[in-house]
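User: I've got this one open on my screen and I'd like to go through it with you. Start with a term I'll need, then I'll ask away.

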Amino acid sequence: YRTIVDTGSPYLVLPFAGNDSGRKKRQRFTKVKEDNDDALLLSPSEYQSTSEIYGAVSGQIDWKLARYSFRDPRLQIRQYNSQEITSAGVLGVLDEALTNEATGGGTLFQPYGLLGLIQNSNPNADRTRFPDPRPTFFEQECIAIEGSSSKEYHQIKSFCMNAPLRELTFSTESLIQDQSNAMQLFDLRKYGDFGDHYAVKVKSLSFDGLPLSKRGIKRPIVAVFDSGLTGCLLIRPFWNFVQEYYATDLMDNAKDARIFHSVSITMKGMGGTFCNITSNVKDDPRQFYVNPIDLDWFDEGGKAPYVIILGQTFLSQGTLTIDMDKRLSTFQ
């Protein structure tokens, strides 16, 4: 079973199976592993269905128990409440609307699942806007290590996504050895975000080669790494600010939104180094776009950061490493 590695969501989720698709097709879409009979149909969990938002689409997720495994047998499921090793974990099943939005259901012959890599939820998030968090994938996953007398099970503390080599690495130790190149993760949960999105502060930003002046901006600008996204999104208040800032450069009707063809972003490392990422429609015509998005991540009050979300048009160029334990990141 194939899944999209998604650094912008916290859960392992499967696509919609269909209500009248027949038993054969339903079984195919509700298995994680299909080696002979080594698969288990979904069974009920203790968690009720929830309303969720993926991209700009609202829908329902049903929370189920399923036995799943990976090619590396050291990856084991650990029960969320008791921390005991178990054969089944909690995962979500998307409805049809969320499947089409989040997993390529409208364009791929067989929709993919999502392997969400956000480790931590926000226990203090506004429950009138967000449901009680379900166990994240990382909260249920551990790595088995052979000890002197028995196996030991350790929490995953760091991961590395090497896009050019198409490799995903999990580690029980930090994968960031040189912290001078590392960027401190910015915690959006203090502004009300429901999960610990992997975000870093932006030092400078340019659209179509024109620098965006930060003069007059009284809130931080942060970039969120989201490998489940293809292009680039700006949270609506930031989009409005950017459109107004560049309005004087429009050659046509100033009421029309400007279509951007390139984005360049610079972030500062802890040792004074800089991380520069650029993407444009010429080099990546299939995935590049810059659009607004309406997100309800933050509490009201107008103090939340301006957010730019970086998808595969940026992340496919290099290696993203996240250390959840030390709250560090690198992109090289």
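Analyst: Buried means under 20% relative accessible area, exposed means over 50%, and partly exposed is in between (1.4 Å probe, protein chains only). This is a predicted model: local features need pLDDT of at least 70 and side-chain atom pairs count only at pLDDT 80 or more, while totals for chains, interfaces and linings use all residues. Residues are numbered from 1 along each chain as its sequence is written, and side-chain values use heavy atoms, with hydrogens and water left out.

User: Big picture, then: what share of the 332 residues counts as buried?

Analyst: The chain has 5 helices and 25 strands (DSSP runs numbered from the N terminus: helices are H or I with at least four residues, strands are E with at least two). About 17,200 Å² of the chain is exposed, and carbon and sulfur atoms supply 46% of that (Shrake-Rupley areas with a 1.4 Å probe; for residues, only the protein chains shown count as cover). Of the 332 residues, the share that counts as buried is 46%.

User: Among contacts between residues at least 6 apart in sequence, what share joins residues at least 24 apart?

Analyst: A contact here is heavy atoms within 4.5 Å. Take the contacts in the chain between residues at least 6 apart in sequence; the share joining residues at least 24 apart is 70%.

User: In what order do the strands of the open sheet with β6 and β10 run?

Analyst: Two strands pair if DSSP finds at least two bridges between them. Strands β10 (residues 141-146) and β11 (residues 151-155) pair in the antiparallel sense over 5 bridges, and a hairpin of 4 residues joins them. The edge strands, each pairing on one side only, are β7 (85-86) and β11. Pairing in this 4-strand sheet is antiparallel, and the order is β7-β6-β10-β11.

User: Which residue stands opposite Ile145 in β11?

Analyst: Along that hairpin, Glu146 has Lys151 of β11 as its bridge partner. For Ile145, the residue standing opposite in β11 is Glu152.

User: And the sheet with β16: which residue in its turn to β17 has a positive phi?

Analyst: That open sheet has 4 antiparallel strands in the order β17-β16-β20-β21, with β17 (210-211) and β21 (274-280) as the edge strands. On one side, β16 (residues 204-207) meets β17 through 2 bridges, and Phe207 has Leu210 as its partner there. On the other pairing, β16 and β20 (residues 262-268) share 4 bridges, with Ser206 partnered by Ser264. Back at the hairpin, 2 residues sit between β16 and β17, and the one with a positive phi of about 55° is Asp208.

User: Why do the buried residues of α4 line one face, and within what arc do they fall?

Analyst: In helix α4 (residues 236-245), the buried residues are Phe238, Trp239, Val242 and Gln243. Seen down the axis, they line one face of the helix because they fall within an arc (of the directions from the helix axis to the C-beta atoms) of 135°.

User: What covers the buried residues of α4?

Analyst: Strands turn up on that buried side of α4, and β16 is one of them. The full set named as covering it includes β16, β18 (221-225), β19 (232-235), β22 (290-293) and β23 (306-310).

User: Is the ring pair of Trp239 and Phe260 edge-to-face or stacked?

Analyst: Rings of Phe, Tyr and Trp (its six-membered ring) pair if their centres lie within 6.5 Å; planes under 30 degrees apart count as stacked, over 60 as edge-to-face and the rest as tilted. The whole structure has 20 aromatic pairs; in one of them, the rings of Phe137 and Phe170 have centres 6.3 Å apart and planes at 50°, so that pair is tilted. Both Trp239 and Phe260 are buried. Their ring centres lie 6.3 Å apart with planes at 90°, so the pair is edge-to-face.

User: Which backbone oxygen does the side chain of Thr99 reach?

Analyst: Thr99 sits in helix α2 (residues 96-102), and it counts as buried because its relative accessibility is 4%. A polar contact is a pair of N or O atoms within 3.5 Å; within protein, one must be able to donate a hydrogen and the other to accept it, and residues adjacent in sequence count only if both atoms are side-chain atoms. At 2.9 Å, the Thr99 side chain reaches the backbone oxygen of Asp95.

User: Last one: how far apart are the C-alpha atoms of Arg189 and Asn122?

Analyst: Arg189 lies in the loop between β14 (183-184) and β15 (199-201). Its side chain reaches the backbone oxygen of Ser121 at 3.4 Å, and the residues Arg189 touches include Asn120, Asn122 and Arg327. Arg189 and Asn122 are 67 residues apart along the chain, yet their C-alpha atoms are separated by 6.2 Å.

Note on methods:
Lists of a residue's contacts leave out its neighbours within four places in sequence.
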